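Colleague: I should like to request a close look at one part of this model, namely its framework of strands and helices. Please set out in order how the elements pair and pack, in terms that a first-year student can follow.

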Amino acid sequence: MQIPELRKTTEQKMDKSIQAFKADLAKVRTGRAHTGLLDHIHVDYYGAQTPLAQVARVTLLDARTISVTPFEKKMVQAVDKAIRESDLGLNPATQGDTVRVPMPLLTEERRKELTKVVKHEAENARVAVRNLRRDAIHQLKEALKKHEVSENDERRAQDEVQKMTDKHIAEIDRLLAEKEKELMAV
């Protein structure tokens, strides 16, 4: 086992955890509209579940309204249904060959609920990063037992893994603080 290789793979996995956390945060909506909100929605396109962006053009009409224009006119109802059935709690309105998706205002109570959801997602991301640290340290200890690395190298590598962990957890906390601020802004 090579220590630089272990360090590199651990850091890549920690980066993926942060990317997954960012994706989860993007799904939590604030009062403002943004096209990324509909990224994870799939439409029944001739029997195949297809991402919305591949069957329609998604644009912003204004700060509170998203416009979805299917490339094929007969897909309007399927797009409307997919948005309506998503877990976002949106109520689209069809106008001709365009689906308008208004963003409802968030109540104070709903903002607090969303803050709790975001904190839970952040904790899941922290746990994922800590689990990666635990796995890396376990691999280092195994290598030490097999005399593949010296005690000094093992200790140094453990310190580096801990610094990586601290850096990634700080990034998660920063993203959480930004999202909380965004959610609580009226």
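Modeller: The account below takes the strands before the helices.

The model is predicted, so local features need pLDDT of at least 70 and side-chain atom pairs count only at pLDDT 80 or more, while totals for chains, interfaces and linings use all residues. Residues are numbered from 1 along each chain as its sequence is written, and side-chain values use heavy atoms, with hydrogens and water left out.

Let us begin with a hairpin. Strand S1 covers residues 42–45 and strand S2 covers residues 48–51; helices (H or I, at least four residues) and strands (E, at least two) are DSSP runs, numbered from the N terminus. S1 and S2 run antiparallel and are joined by 4 bridges; two strands pair if DSSP finds at least two bridges between them. The pairs can be followed residue by residue, since Tyr-45 faces Ala-48 in S2 and His-42 stands opposite Pro-51 in S2. Between S1 and S2 lie 2 residues, and Tyr-46 in this turn has a positive phi of about 55 degrees.

The next subject is the open sheet. It consists of 4 strands in the order S3-S4-S6-S5, and the pairing is antiparallel. Its edge strands are S3 (56–62) and S5 (93–95), each of which pairs on one side only. From one strand to the next, the twist averages 25 degrees; such angles run from 0 to 180 degrees between N-to-C directions, and axes are lines fitted to C-alpha atoms, for helices over the stretch in contact.

Now we may cross the sheet pair by pair, starting at S3. S3 joins strand S4 (residues 65–70) in the antiparallel sense over 6 bridges, and Leu-60 has Ile-66 in S4 as its bridge partner. S4 in turn runs antiparallel to S6, with 4 bridges between them; here Ser-67 stands opposite Arg-100 in S6. The last step is from S6 to S5, an antiparallel pair with 3 bridges, in which Thr-94 is the partner of Val-99 in S6. S5 and S6 also form a hairpin with 2 residues between them, and Gly-96 in that turn has a positive phi of about 65 degrees.

A helix accompanies these strands. H3 lies across S4, S5 and S6 (98–102), running at about 20 degrees to S6; contact means heavy atoms within 4.5 Å.

We turn to three further helices. Helix H4 (residues 108–145) packs with helix H5 (residues 151–184) at an angle of about 170 degrees, and their axes are 10 Å apart. H4 and H5 are therefore roughly antiparallel to each other; angles under 35 degrees count as roughly parallel, over 145 as roughly antiparallel, 65 to 115 as roughly perpendicular and the rest as oblique. By class, the contact of H4 with H5 has 16 nonpolar, 5 polar and 13 charged residues. Here Ala, Val, Leu, Ile, Met, Phe, Trp, Tyr, Cys and Pro count as nonpolar, Asp, Glu, Lys and Arg as charged, and the others, Gly among them, as polar.

Helix H1 (residues 3–27) also meets H4: their axes come within 10 Å and cross at roughly 170 degrees. That angle makes H1 roughly antiparallel to H4. On the H1 side of this contact one finds Leu-6, Ser-17 and Asp-24, among others, and on the H4 side the residues include Val-118, Ala-125, Leu-132 and Gln-139. The contact of H1 with H4 divides into 13 nonpolar, 3 polar and 4 charged residues.

Finally, H1 packs with H5 at about 10 degrees, with the two axes 11 Å apart. H1 and H5 are therefore roughly parallel to each other. From H1, this contact includes Arg-7, Glu-11, Asp-15, Ile-18 and Lys-22, and from H5 it includes Asp-153, Glu-160, Met-164, His-168, Ile-172 and Lys-179. Sorted by class, the contact of H1 with H5 has 10 nonpolar, 3 polar and 9 charged residues. Some H1 residues recur: Ile-3, Thr-10, Met-14, Phe-21 and Leu-25 take part in the contact with H4 and also in the contact with H5.

In review, H4 is roughly antiparallel to H5 and H1 is roughly antiparallel to H4, whereas H1 and H5 are roughly parallel.
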